[in-house]
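Welcome! Here is a short guided walk through a structure you have not met before. Keep the picture open beside the text as you read.

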Amino acid sequence: NLRVFEMVGRGAFGTVHRALDPQLNRRVALKLLDPGVDLAHLKNRILEEGRLLARVRHPNIVDVYGAGESDGRVGLWMEFIDGWTLGAEVQAHGPMSAEEAAVIGRKLCGTLVTIHAEQFVHADLKAHNVMRQRGGRIVLMDFGTGQPIVDADERRLAGTPLYLSPERLAGGPASTQCDVYALGVLLYFLATGAHPVDGETREEVERAHREGRYIRLRDRRPDLPDVFVAAVEGAIAPDPAQRHATAGAFD
């Protein structure tokens with residue numbers, strides 16, 4: 001049994017705790033659904049997340065150690081990342097240089113290539129789901145919103161509106177190009193501290209897309225190198241046909 005210590009994060013339906021595996025004397029992060037949460041699809045999602053992470057191996061993807069149900073609660077335990085999110089880093093220190101953002105982008109392109117090869121989409125790539133571990137390792141977290149590509153559900157619109165592609169907001173299914181779009185928005189944010197389309201709610205973001213209220217990266221930061229601007233703009237093109245076809249093409 002795991003020894004559970006303090007809570008280190010909270011989501012809509014559960015919490016993340018620092019815990020210890022006493023058998024291996026190893027720190028872990030334990031993701032638990034809240035007591036009383038008995039919706040079958042939520043239980044299935046957290047177990048599906050564990051199964052995906054168990055088969056996807058990449059140095060920039062969090063390692064999972066186990067998943068299960070005990071005393072009416074469903075949990076998932078994984079490596080404990082001692083560090084901070086990229087969102088917190090930009091908030092504390094301001095926008096990054098193009099060079100630093102590009103290094104992070106290349107690592108995340110590799111993670112998406114690996115995930116997509118498993119016929120899966122992450123569907124919630126954003127600055128607060130990517131951590132920088134002490135020592136510099138970049139780690140993609142939180143696969144709970146992910147979906148198999150073959151049966152991605154158009155009705156299950158989850159994720160953070162500022163990072164959702166226009167076609168996804170309009171009701172289209174999650175796709176690999178939606179992940180490419182989200183990575184482009186992430187790099188835009190790392191370089192500017194802002195997003196290409198603004199809005200507090202899904203409806204506001206969707207309206208901004210429809211009305212073309214999109215701020216080009218060059219207008220936010222004129223000093224950025226042309227190659228970086230072209231790569232990011234090629235990821236966040238509103239028309240998927242004008243976007244990088246794959247995460248590998250983005251890299």
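How many bridges join strand 3 to strand 5, and in which sense do the two strands run? They are joined by 5 bridges and run antiparallel. Please keep in mind that this is a predicted model.

## The sheet of five strands

Let us begin with the sheet that holds this pair. It is an open sheet of 5 strands, in the order 1-2-3-5-4, with antiparallel pairing. Strand 1 and strand 4 stand at its edges with a single partner strand each, so one side of each has no neighbour in the sheet. From one strand to the next, the twist averages 25°. As general background, the strands of a sheet pair through backbone hydrogen bonds, either parallel or antiparallel.

Now follow the order from its strand 1 end. Strand 1 (residues 3–10) runs antiparallel to strand 2, and 5 bridges join them. Here Gly-9 has Val-16 of strand 2 as its bridge partner. Strand 2 (residues 14–21) has 6 buried residues out of 8, so this strand is largely enclosed by the rest of the structure.

## From strand 2 to strand 3

Strand 2 also pairs with strand 3 (residues 26–33), in the antiparallel sense and over 8 bridges. One place to look is His-17, whose bridge partner in strand 3 is Leu-30. The hairpin of these two strands has 4 residues between the strands, and in it Asn-25 takes a positive phi near 55°.

Leu-30 is worth a second look, for it also has a bridge partner in strand 5, namely Trp-77. At Arg-26, a side chain meets a ring: Arg-26 lies over the face of Tyr-65, at 3.6 Å from the ring centre. As for pairs of aromatic rings, the structure holds 0 of them.

## Strand 5 and the strand 4 edge

Is strand 5 (residues 73–79) mostly covered or mostly open? It is mostly covered, with 5 of its 7 residues buried. Strand 4 (residues 64–70) pairs with strand 5 in the antiparallel sense over 6 bridges.

Two positions help you trace this pairing. Gly-66 stands opposite Trp-77 in strand 5, and Ser-70 has Arg-73 of strand 5 as its bridge partner. The hairpin of strand 4 and strand 5 has 2 residues between the strands, and Asp-71 takes a positive phi near 50° there.

## The sheet of three strands

A further open sheet has 3 strands in the order 6-8-9, again with antiparallel pairing. Strand 6 (83–85) and strand 9 (138–140) are at the edges, each with a single partner strand, so one side of each is left without a neighbour in the sheet. Neighbouring strands here are turned by 30° against each other on average, direction ignored.

Strand 8 (residues 130–133) pairs with strand 9 in the antiparallel sense over 3 bridges. Within this pairing, Met-131 has Val-139 of strand 9 as its bridge partner. Helix 3 (residues 98–117) packs on this sheet, where it touches strand 8 and strand 9, and its direction makes about 40° with that of strand 9.

## Helix 3 and what follows

Why does the length of helix 3 agree with what is expected? At 1.5 Å a residue, its 20 residues should span 28 Å, and its end C-alpha atoms are 28 Å apart, which agrees. Its buried residues include Ala-101, Ile-104, Gly-105, Leu-108, Leu-112 and Ile-115. In general, an α-helix has 3.6 residues a turn, so residues three or four places apart point the same way.

Helix 3 is followed by Gln-119, which has a positive phi near 60°. Gln-119 sits in the loop between helix 3 and strand 7 (120–121). With a relative accessibility of 42%, Gln-119 counts as partly exposed. Its C-alpha atom is separated by 9.7 Å from that of Ser-175, although the two residues are 56 residues apart along the chain.

## Helix 8 among other helices

Our last stop is helix 8 (residues 226–235), where the buried residues include Phe-228, Val-229 and Val-232. The buried residues of helix 8 pack against helix 3, helix 5 (176–192), helix 7 (217–220) and helix 9 (247–250). That brings us back to helix 3, which also packs on the sheet by touching strand 8 and strand 9.

Technical notes. Residues numbered from 1 in each chain as written. Predicted model: local features only at pLDDT ≥ 70, side-chain atom pairs only at ≥ 80, totals over all residues. Heavy atoms only, no water. Pairing = 2+ DSSP bridges. Axes fitted to C-alpha atoms, helices over the stretch in contact; angles between N-to-C directions. Contact = heavy atoms within 4.5 Å. Phe/Tyr/Trp six-rings, centres within 6.5 Å; stacked < 30°, edge-to-face > 60°. Lys NZ or Arg CZ within 6 Å of the ring centre and 35° of its normal. Expected span 1.5 Å × (residues − 1). Buried < 20%, exposed > 50% of the residue type's maximum accessible area, 1.4 Å probe, protein only.
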